[in-house]
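Trainee: I have a model open in front of me and would like to learn how to read its sheet and the way its helices pack. Could we go through it together?

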Amino acid sequence: MEEATALLIAPVATDEELIPRLPRCLCGGCALISASLILLLVAATAAVAGGGAGGGSEGGKWSSSHVVNAPEGQSPGLVSNRPKVAFLFLTAGTIPQHPIWSKFFEGGDERLFSIYVNANPGAHQEGIFVGKEVPHPVTTAWGNISFVRATVHLLKTALADEDNQRFALMSDNSIPLRSFHAVYCLLMADPHSVIHACIRPEEKQRTLSAEISAGFPHWINGSVWRKSETWWMLNRRHAVIVTKDDEIILQFEANCFGGTGSGCFSEEHYFPTLLAIHGEETMTTCSGTVNYIDWSPPYLDGVHSAHPKTFSSEQEVLQADFFAAKREMCGGRNNTPSGWGSAALLDGVTCGASGATKDLDLGARKLPTFKECLFMRKIADELAPMIGRQSIRILESL
């Protein structure tokens with residue numbers, strides 16, 4: 001236990017120290033924390049938090065001590081005795097799906113999550129979101145830099161709590177597909193950010209590079225230009241990088257005009273491009289999201305819609321396998337290049353009541369794996385009451 005004790009009393013890196021110096025090599029040379037040390041650290045911190053009473057959960061609640069098989073990888077940020085997931089919600093008004101989100105968070109341990117809401121002025125929240133609004137919210141509108149500004153504001157607010165180690169950006173029309181226990185375990189066990197900051201195959205990268213507006217400086221070019229789904233999850237190191245940037249964001253504000261035919265959408269391009277410029281792509285999953293999103297809506301006047309499908313049919317949503325089928329649609333998270341992280345580290349890993357486990361004989365009980373979607377969007381606002389009533393079925397298992 002000497003090594004674990006040394007880790008506990010060693011000076012903790014400040015957020016400033018988490019930012020890489022530029023230029024930075026892309027891979028290979030960074031020190032790795034061994035899985036055994038992580039196990040010792042988790043066990044020791046759980047014992048401290050639990051007063052030595054076995055380090056287990058209290059009153060049947062989920063505990064961070066249940067994440068027992070954290071994979072090897074770079075430290076994602078500050079070491080925390082009780083790491084939390086910060087849920088960052090962006091909305092123009094009231095979050096309509098508050099009934100199911102209230103059930104989701106009620107099923108967890110309030111010491112293991114934080115909730116932050118950026119809503120336009122004058123909006124009010126209901127359910128679990130009451131009192132979770134951030135001060136001085138940023139007014140948002142689709143297709144301009146306001147979305148990015150609001151996201152950065154949420155991250156800055158959440159970083160003030162040193163226990164926040166994962167930062168999940170959520171849409172106001174998203175719903176959870178798994179219980180809080182499963183989501184917490186799956187997000188904590190992987191040190192990588194769930195965002196596509198990786199270079200694409202050559203042909204695809206050329207297509208992406210064509211979206212770079214002429215006004216960008218020469219150093220924002222095809223070698224670092226990236227695109228990812230809007231709704232990502234960042235580790236603390238990457239959240240710090242985003243909040244400390246005051247240069248690249250100005251380039252996107254001046255040169256990226258989504259919805260005007262330029263092909264550049266700041267909410268999709270800015271965050272992964274920033275991480276690629278900082279040489280952080282190997283600490284991302286090379287997949288865009290843990291949200292199920294249907295990008296096959298009908299064409300409008302012969303032009304493909306820029307927005308994903310909205311599920312508005314109660315009859316469709318009430319089908320027996322509707323939500324279970326959506327969970328299976330995020331397999332891209334295992335597309336990480338060989339040796340980079342998630343694909344190899346999490347192969348065969350599942351999350352159960354005892355945390356992250358590998359090569360477990362599951363029998364008839366199906367536990368969530370790292371290939372699965374944890375959330376989905378877009379659910380129509382008017383279905384919120386029905387979705388709330390179906391929450392037990394939707395969040396089934398764990």
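Trainee: In what order do the four strands of the open sheet stand, and what is the pairing?

Mentor: Please keep in mind that this is a predicted model. To read a sheet, go from one strand to its neighbour and write down the order, which here is β2-β1-β3-β5, with mixed pairing in an open sheet of four strands.

Trainee: Which strands stand at the edges, and why is one side of each left without a neighbour?

Mentor: The edge strands are β2, residues 113-119, and β5, residues 233-235; each has a single partner strand, so one side of each has no neighbour in the sheet. As you step from one strand to the next, the twist averages 20°.

Trainee: In which sense do β1 and β3 pair, and over how many bridges?

Mentor: Strand β1, residues 84-91, and strand β3, residues 164-171, pair in the parallel sense, and seven bridges join them. To find your place along this pair, look for Ala86, which stands opposite Phe167 in β3.

Trainee: Which strands does helix α3 lie across, and how does its direction compare with that of β1?

Mentor: Helix α3, made of residues 98-106, lies across β1, β2 and β3, and runs at about 170° to β1. Helix α5, residues 180-189, also packs on the sheet, where it touches β1, β2, β3 and β5, and its direction makes about 105° with that of β1.

Trainee: Now for two helices: at what angle do α4 and α7 cross, and how are they described?

Mentor: For such a pair, we look at the angle and at the distance between the axes. Helix α4, residues 146-159, and helix α7, residues 236-244, cross at roughly 125°, and their axes come within 9 Å. The two helices are therefore oblique to each other, and α4 passes α7 in a left-handed crossing.

Trainee: Which residues of α4 and α7 meet?

Mentor: From α4 come Val152, Leu155, Lys156 and Leu159, and they meet Arg236, Ala239, Val240, Val242 and Thr243 of α7. Sorted by class, this contact has six nonpolar, one polar and two charged residues.

Trainee: What angle do α4 and α9 make, and how far apart are their axes?

Mentor: The angle between α4 and helix α9, residues 266-277, is about 50°, with the axes 9 Å apart, which makes α4 oblique to α9. Here α4 passes α9 in a right-handed crossing. Phe147, Val148 and Thr151 of α4 make the contact with Ser266, Glu267, Tyr270 and Phe271 of α9, and by class the contact has four nonpolar, two polar and one charged residues.

Conventions
Residues numbered from 1 in each chain as written. Predicted model: local features only at pLDDT ≥ 70, side-chain atom pairs only at ≥ 80, totals over all residues. Heavy atoms only, no water. Pairing = 2+ DSSP bridges. Axes fitted to C-alpha atoms, helices over the stretch in contact; angles between N-to-C directions. Contact = heavy atoms within 4.5 Å. Parallel < 35°, antiparallel > 145°, perpendicular 65-115°, else oblique. Left-handed = near helix turned anticlockwise from the far one by under 90°. Nonpolar A, V, L, I, M, F, W, Y, C, P; charged D, E, K, R; others polar.
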